[in-house]
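Hi everyone, thanks for making time. I'd like to walk you through one model today, a few spots at a time. Have a look at it first, and then we'll start with a loop.

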Amino acid sequence: MSESKGMKNDGTRPELAELLQSGRATFFSQFIGKRVVDKNGRILGKMKDFAIRPGEALLEVSAIVYGEGLLSEILGHDVIVGMANVSSIDKDIKLKVAMEDIPPGRLSDNEMLIRETILDKQIVDIDDLKVVRVNDVLMAWIKNSLCLVGVDVGFNGIMRRIGLMWIPERLNVLRLPEHIISWSYIEPLDPALRKVQLKIPRKNVNDLHPADIADIIEELDNKGRFTILKSLDKETAAETLEMVEPEVRSNMLQQMSAKDVASLMDNMNPDDAADILITMPKERASEILKQLCDISKGHASDIRDLMKYRENSAGGMMNTEFIYVHPDQKVSDAFAKLRALGSEIDMIYYIYVLDEKEHLVGVFSLRDLLLADPAKKVKDIMQVEVVSVLPTSSQEEVANVLSRYDLLAVPVVNNENVMLGIVTFDDALEYTLPEDIKSRLPANYHRIRRAHKV
């Protein structure tokens, strides 16, 4: 968050910082555990939550929720008391009525609890445009009402909730800056107050990494998802969709026309598009391929060929996009091709050498290319002994070849030695990891892996 956007260096808007300094604002976590007493000073229990409802401009606290006291034990559940019966909130929360006169309380349709509705929810940070978690809530007295004025998405919010904010002060350690997002940025909640999200300046979304956009999309409803997707250029939209969790992506693709899906897949790597189509019903996949054929016949053909192979075979794992040259071309020609196509292809460390009939006859690395005389011919610098696998090779065979020969990618050829594609090390690794290891990987492992390839 930059100061040019009206933010302080610590990520908190100036008006929120002023509220904190004035003492008019308090964090929700600091209310939890306060004693609740009746008008006669009898301890009724401990504060557990606030009920909130829409006010004039902000969410207002409409009731307190307490438990662990005598009345709570008698009723068998927490006690809800409207703010109209609360006389003060200071060291203790004091009620205007005696224990025996507390009216029965329950939540109305437009009321929800802070813990259930806002706390720990993942939302989209409008400034950093990243998915963040609400660790605490900032409350302030506005026109005689206790209102929700901001959400704390920083580390201090976690420390405060678990009661460890005293550690930096006692040890004389510099506290981390607050990171509070103003509630004014938050979109109106739905009628049931079930969802929380922040406004997104869509003109800036294209500047994000596709992995971050995928995170945002997963936290939105379908309307928001398609709004974001439509704001992206086609290439970014395709990369983003590849990184979205399969369940969310499947839901989105079901609601899109075959023509729109084909348009996105035209900008995907063939192996990624094939992986997605394989999970669809055959009729739907055929319809999309037909539309894609009208856009790019060659791309559709590559995808269709990949779909023929078993998922756990070299053919099922391979990518049909790679850089190749002919043996009689000059090194300078290879440089020119690398510059022209390098930004569109994931794996550019190896340049493969094919003859006129696309037989694999050699290979050289990017290092070989950089050290070679530009005037030399490719056949003078290439290695003619090329390790390769067949499209029917198992994932274990592919992994063994990559490991044994210390390769970043291995070419896939047919029985006539015609090159079909390549399997990269990271793709093979994902297929060969034991299930017990996979279960311990972060949920977004596939996204991190793809992010390094973009």
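So, Asn144 is exposed, with a relative accessible area of 75%; in this talk exposed means over 50% relative accessible area, buried means under 20%, and partly exposed is in between, with a 1.4 Å probe and protein chains only. Before I go on, the ground rules: this is a predicted model, local features need pLDDT of at least 70, side-chain atom pairs count only at pLDDT 80 or more, and totals for chains, interfaces and linings use all residues. Residues are numbered from 1 along each chain as its sequence is written, and side-chain values use heavy atoms, with hydrogens and water left out.

Back to the loop. Asn144 sits between β11 and β12, and Lys143 is in that loop too, with β11 covering 136–142 and β12 covering 145–152. When I say strand or helix, I mean DSSP runs numbered from the N terminus: H or I over at least four residues for helices, E over at least two for strands. Lys143 is exposed as well, at 71% relative accessibility. Now the backbone. Most residues other than glycine have a negative phi. Lys143 has a positive one, near 50°, and Asn144 has a positive one near 70°.

Next, helix α6. How many of its nine residues are buried? Seven of them, so this helix, residues 210–218, is largely enclosed by the rest of the structure. The buried ones are Pro210, Ala211, Ile213, Ala214, Ile216, Ile217 and Glu218. In the loop between β13 (180–182) and α6 you'll find Asn206, which is partly exposed at 27% relative accessible area. Asn206 and Ala237 are 31 residues apart in sequence, yet their C-alphas are 9.0 Å apart in space.

Staying with that sort of contact, look at Glu235 in helix α8. Glu235 is partly exposed, with a relative accessible area of 46%. Its C-alpha is separated by 9.9 Å from that of Ser263, 28 residues away along the chain.

Helix α8 also takes us to the largest pocket, which has a volume of about 900 Å³. For the record, a pocket here is an open set of points on a 1 Å grid over the protein atoms alone, where a 1.4 Å probe fits, with protein on both sides within 12 Å along at least five of seven lines; lining residues have an atom within 4 Å of a point. The volume is the space filled by probe spheres set on the points, with grid points joined across faces, edges and corners. Which residues are closest to the centre of this pocket? Out of 32 lining residues, they are Met268, Asn269, Glu321, Glu344 and Ile345. The elements giving two or more residues to the lining are α8 (234–243), α13 (297–306) and β18 (419–424), and α8 has the largest share, with four. By class, the lining is 13 nonpolar, six polar and 13 charged. Here Ala, Val, Leu, Ile, Met, Phe, Trp, Tyr, Cys and Pro count as nonpolar, Asp, Glu, Lys and Arg as charged, and the others, Gly among them, as polar.

On to the rings. There are six aromatic pairs in the whole structure, where a pair means Phe, Tyr or Trp rings (for Trp the six-membered one) with centres within 6.5 Å; planes under 30 degrees apart are stacked, over 60 edge-to-face, and the rest tilted. One of them is Phe31 with Phe50, edge-to-face at 5.1 Å centre to centre and 70° between the planes. Phe31 lies in the loop between β1 (25–27) and β2 (35–37) and Phe50 in strand β3 (residues 43–54), so the pair ties together parts 19 residues apart in sequence. Phe31 is buried at 5% relative accessibility, and Phe50 is buried at 0%.

Tyr349 and Tyr350 also pair edge-to-face, at 5.0 Å and 75°. Tyr349 is partly exposed at 32%, whereas Tyr350 is buried at 11%. Ring pairs link both of these with Phe322, Tyr324 and Tyr352 into a cluster.

Last stop, cysteines. How many disulfides turn up in the whole structure? Zero, taking a disulfide as two cysteine sulfur atoms within 2.5 Å. Cys147 is buried at 3%, and Cys293 is partly exposed at 26%. That's my tour, thanks!
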